[in-house]
Amino acid sequence: MPHATFEIWRGDAEAGAFASYETEYDEGMVVLDVVHRIQAEQANDLAVRWNCKAGKCGSCSAEVNGSPKLMCMTRMNTLPTDQAITVEPMRSFPLVRDLVTDVSWNYDVKKCIQPFRPRPPDAEDGTWRFDQRDADRVQEFRKCIECFLCQDVCHVLREHHLHERFIGPRFFVHSAALEMHPLDVEDRRGELKEAGGIGYCNITKCCTKVCPEHITITDNAIIPLKERVVDRFYDPVRRLFRVFSK
Amino acid sequence: MSHHTHEHDVLVIGAGGAGLRAAIAASAAGARVGVVCKSLLGKAHTVMAEGGIAASLANVDERDGWRVHFADTMRGGQYLNNWRMAELHAKEAPERVRELEAWGALFDRTDDGRILQRNFGGHAYPRLAHVGDRTGLEMIRTLQDHGVHQGIDVHMEVTITRLLKDGERVAGAFGYDRELGRFHVFRAPAVILATGGIGRAFRITSNSWEYTGDGHTLAYDAGAELLDMEFVQFHPTGMVWPPSVRGILVTEGVRGEGGVLRNSEGRRFMFDDIPPLYRDSTAGSEEEGWRYVRGDREARRPPELLTRDHVARMILREVREGRGSPHGGAFLDIAWIKDRVEDGAEHIRRKLPSMYHQFKQLADLDITEEPMEVGPTTHYAMGGIRVDGDTQMTSVPGLLAAGECASGLHGANRLGGNSLSDLLVFGARAGEHAASFAAEHGAPGVDERAVEEAKRTALEPFERTGGDDDEGPYVVQYALQDLMQDRVGIIRRAADLEEAIGRVAELRDRAARTAVRGNREYNPGWHTALDLHNLLTVSEMIARSALARPESRGAHTRDDHPGKDAEWGKVNLVIRKAGDGSMEIRREAIPPMPGELEAIIEEQG
């Protein structure tokens, strides 16, 4: 049975350090399996979040060898085991304990985004008609599993801590899903510019690179939203129109 | 020892599809609603549902309607279902699906722009509204995003360990938060249990860590009755390789899109044995089955789309008789359809994106090129808390249950797709009725002694450290999972079941000695130790009910009683906690079906 050394972050908001665990692992295992084995055999109180273990719930986000990953989708055979594998919590959020972080900020942000508002139904029975093509545009964004790895890696949050002024890639994806929804009639351009702080994003595409669902966050969500905001607020013809319509 | 107190009109325990739908309904009815969830919001097991939501919208085949859906559900459940629930479910599911669309869910479309529906096992017509193969995620996100704007209080990462009562009626619940291990008392005149299933009682399961039978046990300990606990669905297609992903679900949608099952000899063994109830509706040849998948309305279903209990047993038979795949399963092949559809690989990736992704990433296997290896995995509890079909009220006043932890709709076997619709239909009903119960009944009193006792019980695992014979909670949990898998699994025998009952009792003694290290802050060892009581309780229920039903029906297969027994087709098994604390089990006749429902069954065949 192959053998690995794991350096796992242990500690709480006050203090912490990497603890070293030697363990064996089986063929086909993912990092989460090994963390669970260590938890069951060596460290019963090792705090880790997980649910589905199939990359569908987005609970087990962590930084493996320094890169943001879902532990349940990171196979051991993709990591070099001749050196220690480090597992630490997402660094952009306050630490609760060990690998568990306080991600409640994300839930607060979502509440502030204008909810879905559909156009009146198209048919007398209260239902709508639209093309699969129109659904396809948005379904990419709706694949998001809210693992918050994109938030973890975004410079604006990770290095500049602008949590009060910037909603982060996850909520640009959420906003894009609403704005481009074939039935939605709400206008979120104002809130994207102001409370959303979309201007802070300088399109480095770090979020896109870490997305486990392979959502093209920057190109398909953020850039089109930036364009919509620009059209709404900086288009000279529209500005003139707004002056006259006051 | 202190605790935090919260007051709600309706407390919902669980935030999967049923819990969220109940919370939205109760809130819409004017109640102050609190939702408690064991994980973060939006992570509940509902996200794992892949195939779709069964509802007779008749968008793809206008011959569909609630009567056909009702008859399909009853036939699938081998007529042990609560017929009133099957009726309400079939009638109300379409409206619940349309409502999701109005809240922002984006279902796949038909050519004329309506909600597309797909074929699934046991459903006569294409009936499952879906979003690729991630329908559960779409549903939970829609409910979550709609729900957070309805003024509902959400208590995330809180686990309830006990229901509180005021005399006979429910008065609220007691629990702890994971973050700091603080205690919480929730006072509420109406409490809805929506805690999901029991899959973690078995070694091979598609279920997450949360599925420890919490609602079942909370209800049982509070004096409520449970029903039909012997019926545990083993989904025929779980992953079998590599070992660490054994049990993870492979959606029935693969078969709905044309995937076929083969043994090691390349034979489509599902054609070998078709149950009499389905003989007339099953394809006579591979060609006819393919035509069905492609929407030919004159063709009959391929045998891969027979009910889950049957498909699971057939796979097991191939494995036992030495014709299994290398790692003890069968081959599920979707790649073969590349010869039949244009741009086949792309078609497969578009129809089954998460399956493609899952196998690519976890098993290094491209499903557009190679067959998958699949085998049965513990998936769903048909049995559960006994409820009134109209109101979802349990036998304890003010206590309701909805979704998987409740029972009745599915009888002896659940049809795929009927679970998501169950969550919506009965979640909404539970929410409405909880709100009206709360409005009609004043605030209950809370028994402080019960709260103090709940605190003592919760802290016991910390007191036990240091003894010579102490062991960690995981050791006991794994031992229980092995026991249930080996003795109370798909194929059951009286001797195994008797042994299991005895060994569950021994494990209960060991659980009472498990020691926990560390402190109360986010300590999974402690949480696992507390969950053991629930796992042991539901395990005993399943084993006792399985022993008490000496026949094979639906998901319950007795090697020593291989046939169906007509007398047993007329009764449910009811469980409750007796006055002396022992588990009492009794037979109860199923009430006769009203004439008009009887007529539908006859007419639909």
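Which domains does the domain assignment of chain B give? There are two: domain 1 covers 241-376, and domain 2 covers 459-577. Keep in mind as you look around that this is a predicted model.

Let's stay with those two domains for a moment. Their C-alpha centres in chain B sit 32 Å apart. They do touch, though: five residues of domain 1 of chain B are in contact with four residues of domain 2 of chain B. On the domain 1 side, helix H8 of chain B (residues 308-320) gives the most, with four residues. By character, that side of domain 1 of chain B splits into three nonpolar and two charged residues, with no polar ones.

Now step out to where the chains meet. Chain A puts 48 residues into the contact, and chain B puts in 48 residues too. On the side of chain A that touches chain B, the elements giving two or more residues are helix H1 (31-41), strand S6 (95-97), helix H2 (104-111) and helix H3 (132-142) of chain A. H3(A) supplies the largest share, five residues. What's the mix on this side of chain A? It comes to 22 nonpolar, eleven polar and 15 charged residues.

Back in chain B, there's a sheet to look at. Three strands make an open, antiparallel sheet in the order S4-S6-S5. Strand S4 (53-54) and strand S5 (117-118) of chain B are the edge strands, each pairing on one side only. To zoom in on one pairing, S4(B) is joined to strand S6 of chain B (residues 128-129) by two bridges, and these strands run antiparallel. Within S6(B), B:Leu128 is the residue that stands opposite B:Ala54.

Key:
Residues are numbered from 1 along each chain as its sequence is written. Chains are lettered from A and ligands numbered from 1 in the order in which they are written. This is a predicted model: local features need pLDDT of at least 70, side-chain atom pairs count only at pLDDT 80 or more; totals for chains, interfaces and linings use all residues. Domain bounds come from an automatic or database domain assignment. Two residues are in contact if their C-beta atoms, placed from the backbone, lie within 7 Å. Ala, Val, Leu, Ile, Met, Phe, Trp, Tyr, Cys and Pro count as nonpolar, Asp, Glu, Lys and Arg as charged, and the others, Gly among them, as polar. Two strands pair if DSSP finds at least two bridges between them.
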